[in-house]
Amino acid sequence: MSLLKPFSKTPEINGANILLVENEEQFQQCLAETIVLQNMNVNVNVRLARSLPLPMENEKSRPRIDLVVFIINLTSEASFKSAETSLKYLDPGYFLGKVCFVVTKARSAVPPERLIAVRKLAASLHCPLLYAEDQTTEGVTTTAHRLLAILRVTAGLIPMATSLYLSTLTCYTLPSDTDQLNFD
Amino acid sequence: MAEASNSFSSELGSSNETDESVSNRSSNRSLRLAEKSQRKSEASDPLLLALKYFSEVKAGTPRIGNDVMERNMALVERVGLSRGLPPEGISVMLDYAMSLRMGAVPCVRVLKFLIPATVVPQEAIVRGMAWLCVGKLAVSTQVFFLKWVLTIFDMIDSKEQLRAIYGFIFSFVTEEQLCPFICHLLYLLTRKESVRPFRVRKLLEVQTKLGRQPFLMHLLSLYKVFCPGFVAVSLPSGIRGGFRSHNSQWKTVLSAVQKKNNGQVTSDICLTLGAKCKPNSRKRKCNHLQLPSLSSSVQRSSSTSRKVFPLEQLHSFSQLLENLHRIELPSQMGSLLGSSLALCYLDYVQDDSAFLRLNFWLGHALHEEFIFCNGEEGSGSSSESLNFLNRLLSTQHFLQEGFFSTEGFLFKFLNVWDGAFLRPQILGLLSDISVVPSSCIRQLLFEPLMQLYFTSTLYFKCSVIECLNNMLLKWLTWHSVYALKDGLDISLNSHTPMNMSLSGLMDSIMELVHFVGRLATVGLQLEGCHSLLLSFTLDFYETVCDMFLKFDLPLVAMPPLGVFLPALFATDPVSVDRLCFIMYRYKKNLMAAKCQQQETKQGFHISSQTYREFNRYQLIIVSCLWNSKMFQPGMAVEVDQNILALSKVPEPSHSFNLIHHPAFLGYALDFHHKCWPERESIDLNSIKAGKQWDWYLEFIFTQGFQGLQQFFQSFISRHSVAGTTAQGPGDTQPTSG
């Protein structure tokens, strides 16, 4: 029961660490493989977890995590619930731009309330909300590219840009009109 | 009633298994029959017998343990699910089912396999509606029947008789559970003469009871199109969504049956139309995206007194001209997308109800396929979706305007888009949208685009900027084409209820320009001023700088410093050249605007802020490229001398002139080599002196840098070019007004 802290460890030179959290462990694996395969100038280290908190025993050897990604499968209620409970084990410092949500299966026949709940969650935490096509290789590659684009900033690899700066541009804001949430 | 619906739902719940077992059993049982029939190649013979049985069976015949009935039912079911039933079969079975001659259980079963092979006779539907009025059916069965009617609606041979009983159908809107489906059915049947004040009143009454439901709004908006006088209430323009899609089980079977029968049914239409190619090769899992083949509702009843010309018989443009006055629109509007002649006609008639119907069909199809896809594999970028969107794109280009249902779909889709799925098509459609009012442009367009843009790759960023550039171009073109003489009221798109004032349009365009300014500024920073992104950004500003002269829009907006400086200090000379060209065009526009202001005394007002920015930018360019007075006091970019000294650059103010600028250094070396081929050491400063500077400029201009040349000729007086003593920007500069 320990909080994951964004600044408790020193960063590595030319390194970036991303943590993918997914309860179902479906999309996680292939996304991780795709991320590692991308040609980057820095060493990208992908870590996987089903949920937070992370186990204590690896605490010492674990590098600094630059970006925490919650993968939520919209067709499963458990996926959303798990992400919601995991959020409690993150240091508030992470919410200054180092957390993002990836939603899969948003374009299918899912109850609209669940999509709205995810949107509300992302908006209340000021996090970006990405939608992913997890069924096609092209979709997985795109998601990997997008996560890397965020990771580059949160790991401090882009001069003059910080994660907080990016999050002001990408964070999901709730439409003022609640009827509009459905976009009907 | 409640009991009945309960039994029905339990029936539904277990229906899948029983269906399968039944069909298995039936296939075994009727194997002999089928083989025989195949041998005789008279497939319809046992079917006819079975149908005869169902047409003659007496009411009250026991169902349980009735082997004859079971055998006949299984046979018809098998035929229905595999090949579809002939029109008379549909008639007989529907009548048998709806009359509840053997109770409610077979009724649902019959409805499930009632798949038409070719068409559905309208008499059957009328009789079915009559049974609905008897009121013996359970509500859930009634809903089931209506869903079936909606599914096969396009296969009903003629709708005249159905329209004749419009009033009977309308009476069901008060039934709460039936209302959505009844509204949908009425929507498809409504004609101008069916709109009556008492019906409008009834609908409004239902609306107060049920709330503002989309199905009621849709029907009301159609009524409003036909008779604006009757419907006084204001309806939101372009109600998004549509009638709830009831993903019925019929669709898959229906499409399979149609595919099987496709050869006979659609091939002749394919021949005559040409636009709809290879219907046989299309394989679809759902029916949504298939452009229906052109068939007007009068196809079969051609002997009627009204002389009409069905669209599917149209082969040439001259034919269209001859028959323009008596063309009947097809029963399914989606088929129009496939034919350019039909689109010509549609564009000519300007029929609001036709557009409404087309938009409705389109919105429904887009929503089903891309947002609410029930697909097992989420409908990847299959060639069907691709073809469909490409067809839609070419239709919109043909009509030179977007459909409002496409817009509604896009605004919704952007919120669940990953930024890669069908990217060229989606961005293409997006650039076609009509002007979005500035009050909601942020929420509908900018917010979702921003989230996608800042988390995506360079190439996506470039394509977004390109898309927004195209969007701006379309808006400006609309303005220059549709703007009325008094320049106050423009109706941008005659088919959307949106009328926009000039100031409203200008607000939207201003928002768009500022938005792209932000995107470009931060994007360039994140991507390290990538030349590709810079190039797309400059494309955009090439459109922006000429808004007044080219499109007659009284608006001048300058690029932000975050775009200007990266372009000026770019390492490729093309960007610098294009920036100079853009500044030159800005000057032309500002001068023209100022002239107009002075002549007519009532031109448009350009804020002094714009002039200040413009003057500052031209001062920066001149002092940087020409005068080598960069960083000096009063020269727009001021940097403290002590800080400059820390950089240990010998002459910082000279480092960005046309000789030392990283983009032009190569040209300077080349020029130096050509001027003094015998020199051992290179002294670039010698280019600065006297005649060489003029020659050097000539040399640069001959390399194709037209932008630099135009900037130079318009901003700097010729006599003052003698190197370091050049005067600042000429006296021709517009001052703040």
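Begin by selecting chain B, which has 33 helices and four strands, helices here being DSSP runs of H or I of at least four residues and strands runs of E of at least two, numbered from the N terminus. This is a predicted model, in which local features need pLDDT of at least 70 and side-chain atom pairs count only at pLDDT 80 or more, while totals for chains, interfaces and linings use all residues. Residues are numbered from 1 along each chain as its sequence is written, chains are lettered from A and ligands numbered from 1 in the order in which they are written, and side-chain values use heavy atoms, with hydrogens and water left out.

Colour chain B by accessibility, and buried residues make up 54% of its 737 residues; buried means under 20% relative accessible area, exposed over 50% and partly exposed in between, with a 1.4 Å probe and protein chains only. Of the contacts in chain B with a separation of 6 or more, 73% are between residues 24 or more positions apart, where contact means heavy atoms within 4.5 Å.

**Two helix pairs in chain B**

Select residues 87-98 and 104-112 of chain B, which are helices α6 and α7; they pack at an angle of about 150 degrees with their axes 8 Å apart. The axes are lines fitted to C-alpha atoms, for helices over the stretch in contact, and the angles run from 0 to 180 degrees between N-to-C directions. α6(B) and α7(B) are therefore roughly antiparallel to each other, a label given to angles over 145 degrees, with those under 35 counted as roughly parallel, 65 to 115 as roughly perpendicular and the rest as oblique. Show side chains, and Met93(B), Leu94(B), Tyr96(B) and Ala97(B) of α6(B) are seen to meet Pro106(B), Cys107(B), Val110(B) and Leu111(B) of α7(B). The residues of this contact divide into eight nonpolar, no polar and no charged, with Ala, Val, Leu, Ile, Met, Phe, Trp, Tyr, Cys and Pro counted as nonpolar, Asp, Glu, Lys and Arg as charged, and the others, Gly among them, as polar.

Move next to α23 (residues 458-482) and α24 (residues 502-526) of chain B, whose axes come within 11 Å and cross at roughly 165 degrees. These two helices, α23(B) and α24(B), are therefore roughly antiparallel to each other. Residues that make the contact include Leu468(B), Leu472(B), Trp475(B) and His479(B) on α23(B), and Leu505(B), Ser508(B), Leu512(B) and Phe515(B) on α24(B). The contact of α23(B) with α24(B) divides into 14 nonpolar residues, two polar and no charged.

While α23(B) is displayed, pick out Cys462(B), which is buried with a relative accessible area of 3%; then select Cys133(B), which is partly exposed at 42%. The count comes to zero disulfides over all chains, a disulfide being a pair of cysteine sulfur atoms within 2.5 Å.

**An enclosed helix, a loop and a later helix**

Select residues 404-413 of chain B, helix α20, where nine of the ten residues are buried, so the helix is largely enclosed by the rest of the structure. Among the buried residues of α20(B) are Glu407(B), Phe409(B), Phe411(B) and Lys412(B). To see what covers them, add α18 (352-371), α19 (383-399), α21 (423-430) and α22 (438-454) of chain B, which are included in that cover.

Asp546(B) is found in the loop between α25 (531-545) and α26 (547-551) of chain B, and Asp546(B) is buried, with a relative accessible area of 4%. Leaving aside neighbours within four places in sequence, Asp546(B) is in contact with Phe551(B), Arg585(B) and Asn589(B).

Further along, select helix α32 (residues 690-702) of chain B, whose buried residues include Trp693(B), Tyr696(B), Phe699(B) and Phe701(B). The buried residues of α32(B) pack against α29 (608-626), α31 (665-675) and α33 (706-715) of chain B. α32(B) is followed by Gly704(B), which has a positive phi near 100 degrees.

**Chain A**

Finally, select chain A, which has five helices and five strands, arranged along the sequence in the pattern β-α-β-β-α-β-α-β-α-α. Buried residues make up 57% of the 184 residues in chain A.

Stop at Val99(A), which lies in strand β4 (residues 99-104) of chain A and counts as buried at 1% relative accessibility. Leaving aside neighbours within four places in sequence, the contacts of Val99(A) include Leu67(A), Phe70(A), Tyr94(A) and Cys127(A). A distance drawn between the C-alpha atoms of Val99(A) and Leu129(A), 30 residues apart along the chain, gives 9.6 Å.
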